[in-house]
Amino acid sequence: MSESRPPADPGQPTVPAGELLETGRRNALLKAGALQNAILTSANFSIIATDEKGIIQLFNVGAEHMLGYRADEVINRCSPSDLHDPAEVTARALALSTELDTSIAPGFEALAFKASRGIEDIYELTYINKNGSRFPAIISITALRDDYGDVIGYLLIGTDNSVRKRVEMQLNDAVAAAEKANLAKTDFISSMSHELRTPLNAILGFAQLVESGTPAPTPTQKRSIDQILKAGWYLLELINEILDLALIESGKLSLSEEPVSLMEVLLECRSMVEPQAAQRSIGMVFPRLQVPRHVNADRTRLKQVLINLLFNAIKYNQPGGHVTVECTTPTPGKVRISVRDTGAGLAPGQVSQLFQPFNRLGQESGKEEGTGIGLVVTQRLVHLMGGEIGANSQPGVGSEFWIEMDQATTPGLPLIQPAEPPRAEAEHDTAYRTVLYVEDNPANLELVEQIIARRSNLRLLGAADARLGIEFARVYRPAVILMDINLPGINGIEAMKILRTDPVTARIPIIALSANAVPRDVHRGLEAGFCNYITKPIKVSQLMDALDAALADAAATHGQDLVEDIP
């Protein structure tokens, strides 16, 4: 006797439970059928079913839409592999044969081999439409099995991948265009830097010679020379800052992070900034680190950051003020370096604008020159080294700029004190050495000639191009060679390599003297084999120090072979 469920409404007749279950089953079947029909008639993806031999048995509306064939044109007539690019099917067969170490024939076997062995397989191949058009498709293939586990067919579900491919190509094209633009920008910057530095080298070089010449300039001349040098070095600073900013923005600035000793870096910075502080009667207070501290940083760029902060603290200080440098550990694993001054200070609104390019915070009409780029470059260098930078200021009291870097494990090496500059050779030396300068710019050649003329123990040979320079080097065997990079015909790097392959000149120290001042160019030059790389505009003392070091190295290597008797 069947059970009955009481009606929800006492006025309604009782419905047997069995009838309710049957109605539920019919509704479920109707829903499943409707869902199945919706899937099979969907135009958004193709559904292709084959028998166990790979002959198409089902070809849904989506497949018809994608491939242009009617179902009756392909069912029981062809295989899905016939709808693909034959070359791609053959390539897939070869790749699978190598991957699975078995022979797989081109055709449907190449599509179904993994699925027939229960391996999930999704691949991308090109479909060819009935009208001959082609499009990439992502296809998932699954083996269909009966109750005994035997394969009775395959189900292939595909989607048109054209949109994603177009987006990928557009993205790749955009990336390639951006890289090309960055490369062009970097090359332009390098070229412009070279073109600006070449005339500036003559201006600053000859001004330094006049300043230190004999007889000494008159007070009026000295004031004029000071103005030339001040403007020239300021212009060089501007070129360097723009170059740094452009390299950072283009992503071409390379850093070499390592454990850097703060004591060493601060000692080097102190020796560079104290003379300027003394000129303005500003006291400098540096920390005495009782325990060696190291930070993870690029040594050269860390010095650049600290020197910029120190110069700013001196420049915007008041006469008779002081600058204090402190090192603290605000949190474990971090080291903070603070630079405090006793200048006019900044209002909160000015502090918030500190790191904006070309924003001098109303100092444009002040007596101190500036570009508004230095702090921007400093901030970006600190961030590239994984650090943080900030500032605190109070009007009428002064400002504090700080950087925080990751603390590094102290290497088990002795502290290296900054090296003393090499001593100049004695003026009363009774022998002289030959310096060869390969340079095509007459003004630059004359400048170095006048610098070398101040040393009675040196003589200069000039060559206007690399070919002549190579011949001079082989004949005169100079103690040191100064080599420009941008030379007509053979460039300086190629000339250096030729000299290195000749036993007669292979061991002569060669110093690059170039207006190519981009860090990438300097790195390439040193990597190519130059013993030193000096950028133009020349600093006379820097050039002579490099010459002295190279001459000392040549003397140690060759003994007296490169020393000639004065006739």
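This is a walk through some charged pairs in the structure above, with a stop at one alanine at the end.

Before we set off, keep in mind that this is a predicted model, where local features need pLDDT of at least 70, side-chain atom pairs count only at pLDDT 80 or more, and totals for chains, interfaces and linings use all residues. Residues are numbered from 1 along each chain as its sequence is written, and side-chain values use heavy atoms, with hydrogens and water left out.

Let's start with the basic idea: side chains of opposite charge can pair when their charged atoms come close. Such a pair is called a salt bridge here if a side-chain nitrogen of Lys or Arg sits within 4 Å of a carboxyl oxygen of Asp or Glu. How many salt bridges does the structure hold? The count is 22.

Take a local one to begin with. Glu 274 and Arg 270 form a salt bridge, with 2.7 Å from N to O. Both sit in helix 8 (residues 262-279), four residues apart, which is about one turn of the helix. (Helices are DSSP runs of H or I with at least four residues, strands are runs of E with at least two, and both are numbered from the N terminus.) Are these two buried or exposed? Glu 274 is partly exposed, at 31% relative accessible area, and Arg 270 is partly exposed at 31% too. For these words, buried means under 20% relative accessible area, exposed means over 50%, and partly exposed is in between, using a 1.4 Å probe and protein chains only.

Now for a pair that reaches across the chain. Glu 404 bridges to Arg 336, and their closest N and O atoms are 2.7 Å apart. This pair links distant parts of the chain, since Glu 404 is in strand 14 (residues 398-408) and Arg 336 is in strand 12 (residues 334-341), 68 residues apart. Glu 404 counts as buried, because its relative accessibility is 15%.

Next up, Arg 455 and Asp 548 form a salt bridge with closest N and O atoms 3.0 Å apart. Arg 455 lies in the loop between helix 12 (442-452) and strand 16 (458-463), while Asp 548 is in helix 16 (residues 540-558), so this pair ties together parts 93 residues apart in sequence. Both residues are buried. Elsewhere, salt bridges with shared partners join Glu 124, Arg 164, Lys 165 and Glu 168 into one network.

Finally, look at Ala 443 in helix 12. Leaving aside neighbours within four places in sequence, Ala 443 is in contact (heavy atoms within 4.5 Å) with Ala 202 and Phe 206.
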